[in-house]
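Grab a coffee and work through these exercises with the model open beside you. Each one sets a task and then walks through a solution.

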Amino acid sequence: MTENAVPLVTLNNGITIPQLGFGVFKVDPDKTGRVVRDALDVGYRHIDTAKIYQNEEGVGHALKESGIPREEIFLTTKLWNDDQTDAEAAFEKSLARLGTDYVDLYLIHWPTPERDTYLDAWRSMEKILASGRAKAIGVSNFTVDHLERLIAETEIVPAVNQVELHVDFQQAELRAFAAEKGIAIEAWGPLGQGKINESPELSAIAEAHGKSVPQTIIRWHLDVGNIVIPKSNNKDRMAQNFDVFDFELSASEIATIATLDRGEDGRNGSSPLEVN
Ligand SMILES: NC(=O)c1ccc[n+]([C@@H]2O[C@H](COP(=O)([O-])OP(=O)(O)OC[C@H]3O[C@@H](n4cnc5c(N)ncnc54)[C@H](OP(=O)(O)O)[C@@H]3O)[C@@H](O)[C@H]2O)c1
């Protein structure tokens, strides 16, 4: 399997992003170089990091050492909450740690409603976009209310909203709103952060395709239109998660998976209203 198998999603400013990428949340900074080199070796060409993961340097080293031309990699990082009042300085520090002069996507990591600084942060990010140092800008963990306010009060509609989204927490309302506004949805925790849905329904669908449950879940994300960024420290699992381009789910299988949604009860991570 090669990276060429990964479909590209065109964002609302014309930039394309590989629909399947690789996330590095909780990857030990000392191991990130090895982990990202393994992911690149498997074929991933889209890497998702963040300042708060403290592993931007490792990502940067792996990209350099791989010898893969920078323009063949889609690189995302994120603005941490404390930095919303000085996004420009935080962004330059991220670039330095990553050892690159641009990122493909820069995201506001959390809306942090109590701080009420995300509009200011966004206006700085609009300038970063205009400078060409980020090819696209977006948000993460934004609810419909946060998106509506951002769209009403600033110039640029986010290219992406990266949110917790998996079989147990399918975020139908947010996905519909984003589709209407031309905002691509990126699924974090796409495998339930390791709490993989072991339901008989999903196991039966996986078995019917001769695939594992994690592969079936990643295929589901692709088939419903999500950009998806599973993480693994293990090269065999990285390869397994990448080996999802030789099957597709039927409409009735997707309808069955829709019944597994547990709404808010299915959420594993923090609520965007609580992180500040
Ligand atoms: N914007 C945000 O606020 C936010 C929040 C969380 C995450 N993210 C991003 O989203 C990415 C993915 O989310 P995540 O890392 O939290 O969770 P995830 O990708 O849903 O799950 C990762 C967990 O699943 C295990 N795993 C991976 N593939 C597997 C397989 N084939 N079979 C069995 N277990 C498997 C991994 O263990 P091993 O490593 O041992 O394989 C790890 O424990 C992150 O890395 C990060 O880039 C963003």
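**Exercise 1. Work out which helices and strands each supply at least two residues of the lining of the second largest pocket, then describe that pocket.**

Step 1. Go through the elements: α5 (144–153), β8 (160–164) and α6 (172–181) each give at least two lining residues. Keep in mind that you're looking at a predicted model.

Step 2. Now find the middle. The lining has 22 residues, and T143, Q171, L174, E264 and R267 lie nearest the centre of the pocket.

Step 3. Sort the lining by class: nine residues are nonpolar, seven polar and six charged.

Step 4. Add the volume, which is about 380 Å³ for this second largest pocket.

**Exercise 2. Do the same for the largest pocket: how much space lies in it, and which residues lie nearest its centre?**

Step 1. The space in the largest pocket comes to about 690 Å³.

Step 2. Its lining counts 33 residues, with F25, W188, G189, Q193 and K231 nearest the centre.

Step 3. Helix α9 (residues 235–242) gives the largest share of that lining, three residues.

Step 4. By class, you get 14 nonpolar, 15 polar and four charged residues in the lining of the largest pocket.

**Exercise 3. Decide why strand β9 counts as largely enclosed by the rest of the structure, then place β9 among its neighbours.**

Step 1. Use the cut-off: a residue is buried when its relative accessible area is under 20%. Five of the five residues of β9 (residues 184–188) are buried, so the strand is largely enclosed by the rest of the structure.

Step 2. Look at where the side chains go. A184, E186 and W188 point one way from β9, while I185 and A187 point the other way, and all are buried. W188 is also one of the residues nearest the centre of the largest pocket.

Step 3. Pair β9 with β8. The two strands run parallel and are joined by five bridges, and N161 stands opposite I185 in β9.

Step 4. Follow the chain between them: it goes from β8 through α6 to β9, a β-α-β crossover that is right-handed.

Step 5. Pair β9 with β10 (residues 227–228). This pairing is parallel too, over two bridges, and I227 in β10 is the bridge partner of E186.

**Exercise 4. Take three salt bridges, E65 with R37, D104 with R70 and R149 with E153, and say where the partners sit and how buried or exposed they are.**

Step 1. Start from the chemistry: side chains of opposite charge can pair when their charged atoms come close. The cut-off here is a nitrogen-to-oxygen distance within 4 Å, and the count for the model comes to 18 salt bridges.

Step 2. For E65 and R37, the closest N and O atoms are 2.7 Å apart. The pair links distant parts of the chain, with E65 in helix α2 (residues 56–66) and R37 in helix α1 (residues 32–42), 28 residues apart. E65 is exposed at 53% relative accessibility, whereas R37 is partly exposed at 34%.

Step 3. For D104 and R70, the N to O distance is 3.1 Å. This pair also links distant parts of the chain: D104 is in strand β6 (residues 103–108), R70 is in the loop between α2 and β5 (74–79), and they are 34 residues apart. D104 is buried, with a relative accessible area of 9%. R70 counts as buried at 19%, because the cut-off is under 20%.

Step 4. For R149 and E153, the closest N and O atoms are 3.9 Å apart. The two are four residues apart in helix α5, so about one helical turn separates them. R149 is partly exposed at 28% relative accessible area, and E153 is partly exposed at 43%.

Step 5. Finish with a network: E88, E92 and R133 are joined into one by salt bridges that share partners.

**Exercise 5. Is G33 buried or exposed, and how far is G33 from N55 in space?**

Step 1. Locate G33: it's in helix α1.

Step 2. Check the accessibility. G33 has a relative accessible area of 14%, so it is buried.

Step 3. Compare sequence and space. G33 and N55 are 22 residues apart along the chain and 8.7 Å apart from C-alpha to C-alpha.

Terms used
Residues are numbered from 1 along each chain as its sequence is written. This is a predicted model: local features need pLDDT of at least 70, side-chain atom pairs count only at pLDDT 80 or more; totals for chains, interfaces and linings use all residues. Side-chain values use heavy atoms; hydrogens and water are left out. On a 1 Å grid over the protein atoms alone, a cavity is a set of points where a 1.4 Å probe fits but cannot get out, and a pocket is an open set with protein on both sides within 12 Å along at least five of seven lines; lining residues have an atom within 4 Å of a point. Grid points are joined across faces, edges and corners, and a volume is the space filled by probe spheres set on the points. Ala, Val, Leu, Ile, Met, Phe, Trp, Tyr, Cys and Pro count as nonpolar, Asp, Glu, Lys and Arg as charged, and the others, Gly among them, as polar. Buried means under 20% relative accessible area, exposed over 50%, partly exposed in between (1.4 Å probe, protein chains only). Two strands pair if DSSP finds at least two bridges between them. A crossover is right-handed if, with the strands pointing away from the viewer, the path from the first strand over the helix to the second runs clockwise. A salt bridge is a side-chain nitrogen of Lys or Arg within 4 Å of a carboxyl oxygen of Asp or Glu.
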